[in-house]
Amino acid sequence: MDLQVGRLLSPPSGMALKPSNNIWIRRQQCPCGDWKCYIRFEGDDQASVGLHLATNETASSSSSLSSGTEPIFTPYVGQVFRSDEEAFEYYSNFARKNGFSIRKARSTESQNLGIYRRDFVCYRSGFNQPRKKANVEHPRDRKSVRCGCDAKLYLTKEIVAGVVQWYVSQFSNVHNHELLEDDQVRLLPAYRKIQMADQERILLLSKAGFPVNRIVKLLELEKGIQPGQLPFIEKDVRNFIRTCKKTVQENDALLSEKRENDILELLEACRAMADKEADFSYNYTSDENEKVGNIAWSYADSAGAFSVFGDVITFDTTYRSITYGLSLGIWFGTDNYGKAIVFGCALLKDDSADSFAWALQTFVRFMRGRHPQTIVSDIDSGLRDAVARELPNTKHTISIWHVLSKLSSWFSAKLGSHYGDFKMEIDMLCQLESMEDFEHQWNLMLGRFGLAADKHAALLFSYRTSWPISFVRGCFLARAMTAEYSKSVDAFLKRIISSQTCLQVFFEQVVIASRFGNSPIENFQYMPLKTCMPMEEHARIILTPYAFNVLQHEIVLSLQYAMDEMANGSYLVRHYKKMDGECFVIWIPEDEQIHCSCKEFEHSGLLCRHSIRVLVAKNFFQIPDKYFPLRWRLESSLVSLDAQNITENTNECVQAFHSLAATLLTESLASKERFDFVHKELVGMIDNVRNIPTADEAVFDTANNLADCEVVGTSLRNSEQQSLWHDTSVGSFSLISI
């Protein structure tokens, strides 16, 4: 159902349909495959990115006239308005609340004042003039609603102190017909409006082949309203589609040509980049007419980065271009600073298993035949089949954040006020460590909430080996399931899709963002010791700040655990206060191997608190070198040597700050006046420091400036083509938004 609604750029008058503010939307088709399912994403505040905000926008706009917060009083003679349009809106709101609608009647103008009088009348004012009957066998005899109603509001324009204003010169609220109730008045033609988001959705469904009655039914389901409660009826939908049909055909032809030209320009940009950088790779498919279908590319340093950080990749297919009809796929990895790095991109003609299989084949060739240990993605049956076919030895997992983002669409309407309790239970189930416990508790939960026959609950259960902690605990994920990493991926995606650009500029945009994104300079920070244990101090020298902070947290918590040696030589490690959560640790002294039943090292590549507790008991002052994977070490950083030298000088800076802080503390405690002064100054200083951009932000500001220059140049060269996108100035293209 992801069709190209963005192609409708020039609708007929009276049905204004603008292109989407952004060419990218989140994929909205539910993975269950049911046409009635429409995913609304939680936490997405960019109205220009997703059409899933259609519900709220339509509901608010349709109810603003009927239940506005500002009171609408009866108009009166002498009432003043700033413009005639303001008066018409006021009278229209009054009319709706009182069971009728209005229309514009006569206007009078003069050479000096222009239009100086406006007449607004009840929709049943006057009488219908007899029309000449058409020369047909059975002409339609439509009855007129006009009955000579005298309700009216007349406006007159005047200029007071050089300011134009309109005042009510005549007003009558006497009707000679019955006024309608609210559930009837909303069906009057004047109030049956199809809002912009609904227009896009209707055209998308119409292009997918849905008949009008099913379109209306689907919109009612998406909005969670009773049948017949939409602010328009089937007749309006049918007329809208018919009116737009000609425009659709004309603009489809224009944009089809533009799409082909832009894809060829993207292909040419890839060729130019390959000539410039020897290690840049790209590939594409074409049909028998030599039209490009799929296209993918990878950057010069991606293969080298993959050799260290390619153990876990995330294949994000969240977004789709509604203008080009292409799905965007980006291969991310996790560097030793826990940040997302880009290995490559793909634009796919559809979301079929064959397209995904081609993308995976191409990616493996880009990475010189190497396969990842784990691939993380969204729920998608086509992608699941492609991974099983092309990467049979790779563990396929589903991002827990993609699962959680769909729960509201699937269950909130069905569960109503019980949805909050359901969400809490899902969160609890996600943290269970036993697969048997998960399956047992899952079935109990379905029974409690009456979801035993729910198709979406069944879908999640069918994927259970790919997303709950209990099933993926032994799978290496390099912390790619954490909230921080998910935010890092989301921030990158929003940077590159935040502007409405042609594909060539999008390509340049991704290049800039990915290059600077591979330099986590802002993570060169001081790492204070918290336990003074030699094991902790040694780890600080080996690991990046990100990895050290994670391991340090485990070292600190290990002090709260007791250890009991079992008969078989293993150790039972449990918290000194909590009775649950005990783990078994196996220690093999011959080759210094340690294994914990929590499988944290197998999952993240960093030792757990239970293993650390046993090592401390065995008088280890350093963690064995084998438990410092290369992917988390400082030596594998994708940064320059100069940046590494910054960390070597950090301790001297910290010591100087400690000395100043100690002196400041001693002096400020001498009196209350001193303390108050120091406190006030320090609070202000901290606020000022936080407003100074970090190294990473400064780098992206530079990228923005460079990108803006490139966009302006491209815009000037292709101004005629870019006029198809929107009618604002060249300066409205902002390349990367931080």
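1. Over residues 584-619 of this predicted model, the chain is 39% helix and 25% strand, and the C-alpha atoms at the two ends of the stretch are 19 Å apart. The UniProt record, in an unreviewed entry, places the feature "domain: SWIM-type" at residues 584-619, so please read that label as coming from the record, where annotations may be inferred rather than shown by experiment.

2. An open sheet of 4 strands has the order S15-S16-S17-S18, and the pairing within this sheet is antiparallel. Strand S15 (561-565) and strand S18 (593-596) are found at the edges, and because each has a single partner strand, one side of each is left without a neighbour in the sheet. From one strand to the next, the twist averages 25°.

3. Within the sheet just described, strand S16 (residues 571-575) and strand S17 (residues 583-588) run antiparallel and are joined by 3 bridges. If you wish to find this pairing in the model, look for Tyr571, which stands opposite Val585 in S17. Helix H20 (residues 609-617) lies across S15, S16, S17 and S18, and its direction is at about 65° to S15.

4. Another open sheet has 5 strands, arranged in the order S2-S6-S5-S4-S3, with antiparallel pairing. The edges of this sheet are strand S2 (80-81) and strand S3 (102-110), each of which pairs on one side only. S3 is joined by 7 bridges to strand S4 (residues 114-122), and these two strands run antiparallel; for Glu109, the bridge partner in S4 is Ile115.

5. Which helix lies across S2, S3, S4, S5 and S6? Helix H2 (residues 84-97) does so, where S5 covers 152-160 and S6 covers 163-172, and H2 runs at about 155° to S3.

6. A pair of helices also deserves a look: the axes of helix H8 (residues 353-366) and helix H9 (residues 381-390) come within 8 Å and cross at roughly 45°, which means that H8 is oblique to H9. The crossing of H8 and H9 is right-handed.

7. Which residues make the contact between H8 and H9? On the H8 side they are Ala353, Asp354, Phe356, Ala357, Leu360 and Gln361, while on the H9 side they are Gly382, Leu383, Asp385, Ala386, Val387, Arg389 and Glu390. Sorted by class, the contact of H8 with H9 has 7 nonpolar, 2 polar and 4 charged residues.

Conventions: Residues are numbered from 1 along each chain as its sequence is written. This is a predicted model: local features need pLDDT of at least 70, side-chain atom pairs count only at pLDDT 80 or more; totals for chains, interfaces and linings use all residues. Side-chain values use heavy atoms; hydrogens and water are left out. Two strands pair if DSSP finds at least two bridges between them. Axes are lines fitted to C-alpha atoms, for helices over the stretch in contact, and angles run from 0 to 180 degrees between N-to-C directions. Contact means heavy atoms within 4.5 Å. Angles under 35 degrees count as roughly parallel, over 145 as roughly antiparallel, 65 to 115 as roughly perpendicular and the rest as oblique. A crossing is left-handed if the near helix is turned anticlockwise from the far one by less than a right angle, and right-handed if clockwise. Ala, Val, Leu, Ile, Met, Phe, Trp, Tyr, Cys and Pro count as nonpolar, Asp, Glu, Lys and Arg as charged, and the others, Gly among them, as polar.
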